[in-house]
Amino acid sequence: MSLASLSFNQLRLERMSRAFGTFNALNEIDLTIRKGEFVALLGPSGCGKSTALNCIAGLLGTTGGGIYIDDKRIDQLKPEDRGFGMVFQNYALFPHMTVLQNVGFGLKMRGLARAEIDERSHAALALVRLQGQADKLPGQLSGGQQQRVAIARAIVIEPPLVLMDEPLSNLDAKLRLEMRAEIRRIHNQLGATTIYVTHDQDEALSLADRIVVLRDGSIRQVGTPRELYESPLYLDVAEFMGFRNKISGRVVQAANGEATIEVGGARLTGRALDALAVGDTAILAARGDDVIEGVSGTNAIEAAVETIEYRGREFVGTANTDSGMQLVFHGPRNAELGSRVRLEIDARRALVFAAQP
Amino acid sequence: MIRDTSVLSRLWITFVWLVTAFFILNVLAVIAAVVVSSFGTRWLGTWIPDAFTTRWYAASWAEFQLDHVLVVTFQIVFTVVILSGLLGVTAAYAMARRDFPGKKIVLLIFLLPLLVPPITFGIPLATVLYMAGVGGTFWGVVLANLVPTVPFVILVMIPFIEQIDPKVEAAARVFGAGTFKLFRYVLLPMLLPGVLAAMLLVLVRTVAMFELTFLTAGPTSQTLVVALYYSVFAAGVRSVQSIDAMAVIYMVTSLIWLLIALRFVNPTQIVARGKNATAAAH
Amino acid sequence: MSTAVDTYERPSPAARVIERPGLRQRLANRGIDGVTLLILPALLFVLAIFVYPFLYGLVLSFRPLEGESAFANYIKFFSDPYLYKTIGATLWLAVPVTIVSLLLAVPIAMRVRLMKKQRLLTTILVLPVTLGTVLVAEGLLNYLGPQGWFNRTLLTIGLIDAPLRLVNNYWGVLASLIITVFPFTFLLTLSYVTGIDPALERAAATHGANSWQRFRHVMLPLLVPGLVVAACLTFVQAFAVFPSAVLLGAPSGPTRVISIAAAQAAFEQYDDSMASAIAMIMAAVQLLVVAALLGIRSLFYRGSTAGGKG
């Protein structure tokens, strides 16, 4: 029996692991996903996010742990018996079938009557706004249209779980934004539980209810987009969330969840995320747009401008501090190359981590 | 592309084309000689025969029992085509989709029958087939002809299967297709063009395969090309024209399939298939 | 809403039980599963109908019908000039055919590569390959014969006074081999030549190389590995010459090639052991020549011919 007919409350991964020989691609993943949630698996390439998705889909066997839907264990089921929907990275449309046949494939495999298949397929095509393309072959469609077909094919079977494997990575920047909104719209409309794999933090932040950050096959952090954006628990997560500036120095003050470090005479304050004591080596991390060229001089560090680019509303540049660290900063003017500027760092948005041993 | 316009290089280019034209002219003349002779009445010491007739075809048909030979030829050829398709495509699928220890050795084993000339392995093979009691029979000829064709299908199909995105199969599985339905609705339609091309090439090669059939065929399991060999070998007994008529029948038989094959494949494929695999095995 | 789901604490390292995956899983991890087993029918077939007979023939060749020594067949072969001279006779055909085919194939392929419509030419060339050696031999008997069109043309032009004797001797076999083998060599060579990125030649030209220098310093070094493979395959084919040596040559004289000796041992003397021995000697000579050619090949560059990425 297919799981598609089951309504479920949660999908649970319990210490799910996958090894390739001696290499652990996934290391005891624990995660619970509630019905209706949109969860993004985020991480750099090779972090295990696609492996995790393929294990959930059943395309890869697990080598440890279990996958449960409510209390039913499913990790031994074949992919065709799990009843999930999936959107693949290169769409994986059947090249020899028309758009309509592609969309109706899952229904046909479930042995539905022809009339019902056609009706539901047309409805799904309407949902992804592809009416009128039903009789074309995938090769005749543009990338964005193929993407829509792939989404329609996944949702038409009304699966309990939709898996998406970097579905936007093959589209150009403009189309990617458009399809992002489209995916969110369809999710809002259908409320299907979705697991979405991506390496693009913007995509994860804008789409997901919750983000799971993976690294080296392990979960680093789970949280809402806002939690991850504002309070990454680790320096590497912070870097991945756009904290590109790292300034290392010695802690001179640490209290009330704040820490101040000293570097080359400048004192910089940020929110402390680790337990820090005076005298520790620490790293202050800040986003480029939280480092502003200014004159007030509080919480600021001096640096020499190396590059500067015009970005329309403002200028974005890089500058080197005296201790040799390169910082990305935003500024209101076209600072002269080589000139010295004072870079102010927003103390409420900068984070201080203990230096890695 | 860069064109050279010096006199020397023009001379060289002309020379190259002259050699090519000379070769092609001779090939066409050889074929034409056979055709003209088969329609000629008496052809001695002149450019063309004295008169033209079709009676040699009737004579040849009766003399060499061509109806029987043709039936046998096609039974053998189609059996070989179907069996090599079945054995070859399944193996090619596994070779294209899985990496397993010893894969290179398996590839080498599949490559050898294509690299070793048939006459070399045909003699010990015929010995074994006769010992097993199938020598000289229909199935003996089929088995012998499968030796180069099964690896040939494998080598043609491996790159064809490799270029099909495995994610398409993954998609079919996720959307509920079991092994049979995956094969029926997804793999078979996608593989069909490649399989047909490979089988046509096998057909062309098997019609022309002389050595293996010659070594293993008995009187009742001769194919057309072997019958042609024997009739030329024993020439003198029969008129040259009826042998030529038989040669034309043979030529037409293989050319029909060649023309069909050429609609689907590049001529280079008939020849050049072993090369990539050879490079891969080194 | 339960908080256990929402918050994520830094995990404390705890003792974990390591589960050992089952045999099926471990095999699958090494690439062995149901799909891999699909090679078995074809593999078993080739092992049974190709590898086994070959090994059987090897063993059989050491079990002579007459003579005590296991090597009696080989001793007999190499002491009887009627037998051992077949190696020389075959090489005397196969080596020139290989060289001539390659020397013709390279310049023609270099020109044909520039053509837009290669298909007609390649189709004409594929004809002799498809028609096979028997038909070509039959056609040449007529065409090259004393009354044939070839001699007739030469007489008419006035190049010769009396017809050349071109059949039932060495020249007939050589001609038939070139006709059947050259297209094979040419099409292989063409596929290598077209596989070389044309940008490389353009790059050489912009750096001042003339057409000969471009060929000599850019194309040829990239072609050599492919040409060696083409030479191997051409030689092996030519060395196995059989029907045309019988039909067009002098099968008891200068074109008594090694496969004739093997076929006679098998079908006229019914000496399977001797026939197998000759087949093994044939294979050994082919192997030696191929090994020598591949040895030469290893001295040359063998990487990508794409130029740039990839």
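**Close-up views of a predicted three-chain model**

**View 1. Chain C, a chain of helices.** Along its sequence, chain C reads α-α-α-α-α-α-α-α-α-α-α-α-α. The count is 13 helices and 0 strands. Chain C has 310 residues, and 51% of them count as buried. The model is predicted, as it is in every view below.

**View 2. A nonpolar surface patch on chain C.** Five side chains make up this patch: L55(C), L58(C), F62(C), F71(C) and I75(C). Together they offer about 460 Å² of accessible area at the surface. F71(C) sits in a loop of chain C. That loop links α3 (39-60) to α4 (72-79). F71(C) has a relative accessible area of 48%. It therefore ranks as partly exposed, since that class lies between 20% and 50%.

**View 3. The annotated ABC transporter domain of chain A.** An unreviewed UniProt entry assigns "domain: ABC transporter" to residues 11-241 of chain A. In the model, this span is 38% helix and 26% strand. Its end C-alpha atoms are 26 Å apart.

**View 4. An open sheet in chain A.** Six strands line up in the order β6-β7-β8-β3-β9-β10. Their pairing is mixed, and the sheet is open. β6 (85-87) and β10 (218-223) of chain A are the edge strands, each pairing on one side only. Neighbouring strands of the sheet are turned by 20 degrees against each other on average, direction ignored. Within the sheet, β3 (residues 38-42) and β9 (residues 210-215) of chain A run parallel, joined over 4 bridges. Here L41(A) stands opposite V212(A) of β9(A).

**View 5. A closed barrel in chain A.** This barrel has 5 strands, in the order β11-β12-β13-β20-β14. Its pairing is mixed. Neighbouring strands are turned by 55 degrees against each other on average, direction ignored. β11 (residues 245-255) meets β14 (residues 281-286) of chain A in the antiparallel sense. The two strands pair over 6 bridges. One bridge partner is easy to pick out: I247(A) is matched with L284(A) in β14(A).

**View 6. Annotated transmembrane regions of chain B.** An unreviewed UniProt entry places "transmembrane region" at residues 12-36, 69-93, 105-132, 138-161, 182-204 and 247-265 of chain B. Two of these spans are described here. Residues 12-36 of chain B are 100% helix and 0% strand. The end C-alpha atoms of that span lie 35 Å apart. Residues 182-204 of chain B are likewise 100% helix, with 0% strand. For that stretch, the end C-alpha atoms are 31 Å apart.

Note on methods. Residues numbered from 1 in each chain as written. Chains lettered and ligands numbered in written order. Predicted model: local features only at pLDDT ≥ 70, side-chain atom pairs only at ≥ 80, totals over all residues. Heavy atoms only, no water. Patch = residues over 30% accessible without salt bridge, like charges linked within 9 Å, V, L, I, M, F, W, Y side chains within 5 Å. Areas by Shrake-Rupley, 256 points an atom, 1.4 Å probe, with all protein chains shown as cover. Salt bridge = Lys/Arg side-chain N within 4 Å of Asp/Glu carboxyl O. Buried < 20%, exposed > 50% of the residue type's maximum accessible area, 1.4 Å probe, protein only. Pairing = 2+ DSSP bridges. Axes fitted to C-alpha atoms, helices over the stretch in contact; angles between N-to-C directions. UniProt positions renumbered as here; feature names shortened; annotations may be inferred.
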